[in-house]
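Hi,

Here is the model I said I would pass on. Have a look at it first, and then read my notes underneath.

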Amino acid sequence: MSHHTISVVDLGFVYPDGTRALENVSFEVGHGEAIAVVGANGAGKSTLLMHLNGLLSPTQGTVHIGGLPVIKSTLPEIRRTVGMIFQDSDDQLFMPTVAEDVGFGPLNLGLPPEDVAARVDEALGRVGAAHLKERPPYRLSGGEKRAVAIATVLAMEPNMLVMDEPSSGLDPQARRRLIGLLASFEHTRIIATHDLDMAAELCERVLVMSGGRLVADASVRDVFTDDELLAASGLERPLGMQACPVCGGTEAGRAGPAGDR
Amino acid sequence: MSAIATGLSTLDRLDRLAQQDTAIHRLDPRAKVLTTLVFIVCVVSFGKYDVIQLLPFVVYPVVLAAGGRVPLGFVARILLVVSPFALFVGVFNPFLDRQVVAEIGGLQISGGWVSYASIILRFLLTAGVALVLTATTSFIGICLALEKLRVPDVLVTQLLLLFRYIFVLGDEAQRLGQARRLRSFGHRGMGLRPYGLMLGQLLLRSFARAQRVYEAMLCRGFDGRIRMARTLHFGRADLLFTLGWTALFVAFRLVDVPLLLGRLTTGMGQ
């Protein structure tokens with residue numbers, strides 16, 4: 001797998017109960033890109049993400065990851081390549097201790113125990129959670145859980161990271177640390193979020209979903225200044241790009257955060 | 001719903017006790033699990049009217065608790081909370097079985113009372129030892145021992161996930177209960193109906209969560225078996241512990257120790 005790219009063509013998905021969750025979604029993601037997926041509740045963001053590592057199979061259209069089609073026979077390879085970080089970290093941390101949870105993926109990959117231990121230490125160190133190693137997951141704070149959940153995925157050494165609401169439920173400082181961490185990654189990143197300021201800070205490109213359709217695929221600056229599009233999609237400008245409620249002016253320097261990266 | 005909170009904090013305390021570092025904690029979980037199993041089998045295999053013969057068995061949970069620094073008061077409190085079950089199981093024995101089997105100081109004791117006492121004593125011994133085992137081995141340690149003792153993976157995986165998610169489920173149940181209380185203004189709300197609906201709600205939420213957890217496991221290459229990197233070492237101390245206690249239990253089972261002691265003391269007195 002030479003390129004960490006994603007190609008989604010004419011993707012459609014209907015839930016078994018008849019709900020049409022996705023319709024004619026097509027987009028490409030290049031190597032190393034960071035992309036935000038935004039949209040109102042129920043716009044189809046999570047459903048879209050679940051197609052990127054084969055948790056759901058398309059009713060229509062295709063998904064390719066690094067040139068490989070996402071089909072049953074490629075799932076093990078796809079799931080190693082695409083690391084998925086869930087919205088509720090409790091869903092993701094199911095082992096008795098943090099270390100064992102982080103080691104779960106590598107052990108399933110068939111790595112010898114010494115290598116697993118090394119990967120666990122490395123992944124936990126990367127997210128600044130080395131001191132939590134022996135703790136049971138239920139005794140972690142929300143921010144710690146999120147950091148560990150990210151480590152569980154990093155330990156599999158994926159090429160791409162797919163994240164569903166990574167900043168939800170975090171206190172401001174934990175959120176800030178998370179943003180710093182995500183900015184330091186070189187993986188191809190897809191981030192579904194309502195935290196538009198984080199999206200503006202981390203991503204160059206934004207996909208806007210509305211009613212299961214992809215209604216915009218453009219740069220951060222273009223999307224987040226298009227008030228008509230934002231309103232129609234149940235969104236608003238990121239706070240950092242709104243007029244200041246005290247002085248009435250916008251900070252030009254912060255208006256295009258993607259530009260100052 | 002504070003009963004849930006109490007339950008969870010008890011479980012949490014058990015788990016914290018299990019993190020201590022004593023000679024008992026350091027024993028291989030398999031040694032403790034096997035020995036405890038022998039203990040339980042011996043205790044429950046006594047006859048219906050055996051009471052005195054059960055008493056020597058108290059020594060095992062007490063030694064284990066003392067060596068593992070498990071406060072007996074804590075264990076006693078949990079036993080008290082769960083005791084109604086045992087108390088009710090045999091509650092009709094004294095009425096059904098009125099045949100007098102003993103007389104102490106003019107007080108006639110029927111077989112029913114003796115068998116009732118036997119049931120309660122057995123409950124205290126087996127439940128107590130299970131608690132002390134958990135507090136010295138940890139729930140996860142017990143699971144690990146079971147896995148190494150060839151208990152089917154499916155069962156061990158169930159137990160592991162049960163322990164992990166009981167806290168999440170408990171929190172969820174508490175939030176539901178809180179939401180109900182906040183809007184029922186000190187009354188019983190709308191009777192029992194909301195409780196049924198809440199239970200249904202909890203079940204549906206658990207299904208949804210189970211689905212998500214399973215997906216998260218699939219994402220990391222789950223293939224039906226949970227692998228754990230922990231290794232166990234069954235050394236000489238473990239062997240001695242297991243054989244020593246097992247021999248003692250079998251001796252207690254075969255020889256009526258209290259009777260023997262009684263004979264010895266009365267024998268010496270003559």
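Below is what I found, going from the pockets to the chains and then to a few single residues.

One thing to keep in mind throughout: this is a predicted model.

**The largest pocket**

I started with the pockets. The largest one holds about 910 Å³ of space. Its lining is made up of 45 residues, and those lying nearest the centre are Thr97(A), Glu100(A), Glu134(A), Gln19(B) and Arg230(B). Both chains give helices to this lining: chain A supplies two or more residues from each of H4 (98-108) and H5 (113-126), while chain B does so from H2 (23-26), H3 (29-44), H7 (111-137), H8 (139-148) and H9 (153-182). Which element gives the most to it? That would be H5(A), with five residues.

As for chemistry, the lining of this pocket splits into 19 nonpolar, 11 polar and 15 charged residues. On the chain B side, domain 1 and domain 2 each contribute at least three residues to the lining.

**The second largest pocket**

The runner-up has a volume of about 680 Å³. It is lined by 27 residues, with Leu14(B), Ala127(B), Ala130(B), Leu131(B) and Thr134(B) nearest its centre. Helices that each supply at least two lining residues are H1 (2-17), H3, H5 (72-89), H7 and H8, from chain B. H1(B) gives the most here, with seven residues. By class, you get 18 nonpolar and seven polar residues, plus two charged ones.

If you want to trace the two linings on screen, H3, H7 and H8 of chain B are worth colouring: they give two or more residues to the largest pocket, and each supplies at least two to the second largest.

**Chain A overall**

Chain A has 11 helices and 10 strands. Its radius of gyration is 19 Å, close to the 18 Å from the globule rule for 261 residues, so chain A is as compact as a globular protein of that length. Along the principal axes, the C-alpha atoms fill a box of roughly 55 × 45 × 35 Å. Buried residues account for 54% of the 261 in the chain. If you take the contacts in chain A with a separation of 6 or more, 64% of them join residues 24 or more positions apart.

**Chain B: domains and H8**

Chain B is divided into two domains, with domain 1 covering 1-151 + 231-260 and domain 2 covering 152-228. Their C-alpha centres lie 30 Å apart. The contact between them takes 15 residues from domain 1 and 20 residues from domain 2.

H8(B) deserves a look of its own. Is this helix mostly covered or mostly open? Mostly covered: eight of its 10 residues are buried. These are Ile140(B), Gly141(B), Ile142(B), Cys143(B), Leu144(B), Ala145(B), Leu146(B) and Glu147(B). They pack against H3, H7 and H9 of chain B.

Just after H8(B) comes Arg150(B), with a positive phi of about 70 degrees. Arg150(B) sits in the loop between H8 and H9 of chain B, and its relative accessibility of 75% is over the 50% cut-off, so Arg150(B) counts as exposed.

**Two residues in chain A**

Asn24(A) also has a positive phi, near 45 degrees, and is a residue other than glycine. Where is Asn24(A) found? In strand E2 (residues 20-29) of chain A. At 41% relative accessibility, Asn24(A) counts as partly exposed.

The other is Val116(A), in helix H5 of chain A, the element that gives the most to the lining of the largest pocket. Val116(A) is buried, with a relative accessible area of 4%. Leaving aside neighbours within four places in sequence, Val116(A) is in contact with Gly103(A), Pro106(A), Leu107(A) and Leu111(A). The C-alpha atoms of Val116(A) and Glu100(A) are separated by 9.7 Å, and the two residues are 16 apart along the chain. You will remember Glu100(A) as one of the residues nearest the centre of the largest pocket.

Cheers

Note on methods. Residues are numbered from 1 along each chain as its sequence is written. Chains are lettered from A and ligands numbered from 1 in the order in which they are written. This is a predicted model: local features need pLDDT of at least 70, side-chain atom pairs count only at pLDDT 80 or more; totals for chains, interfaces and linings use all residues. Side-chain values use heavy atoms; hydrogens and water are left out. On a 1 Å grid over the protein atoms alone, a cavity is a set of points where a 1.4 Å probe fits but cannot get out, and a pocket is an open set with protein on both sides within 12 Å along at least five of seven lines; lining residues have an atom within 4 Å of a point. Grid points are joined across faces, edges and corners, and a volume is the space filled by probe spheres set on the points. Helices (H or I, at least four residues) and strands (E, at least two) are DSSP runs, numbered from the N terminus. Ala, Val, Leu, Ile, Met, Phe, Trp, Tyr, Cys and Pro count as nonpolar, Asp, Glu, Lys and Arg as charged, and the others, Gly among them, as polar. Domain bounds come from an automatic or database domain assignment. The radius of gyration is taken over C-alpha atoms; the globule rule is 2.2 Å times the number of residues to the power 0.38. Buried means under 20% relative accessible area, exposed over 50%, partly exposed in between (1.4 Å probe, protein chains only). Contact means heavy atoms within 4.5 Å.
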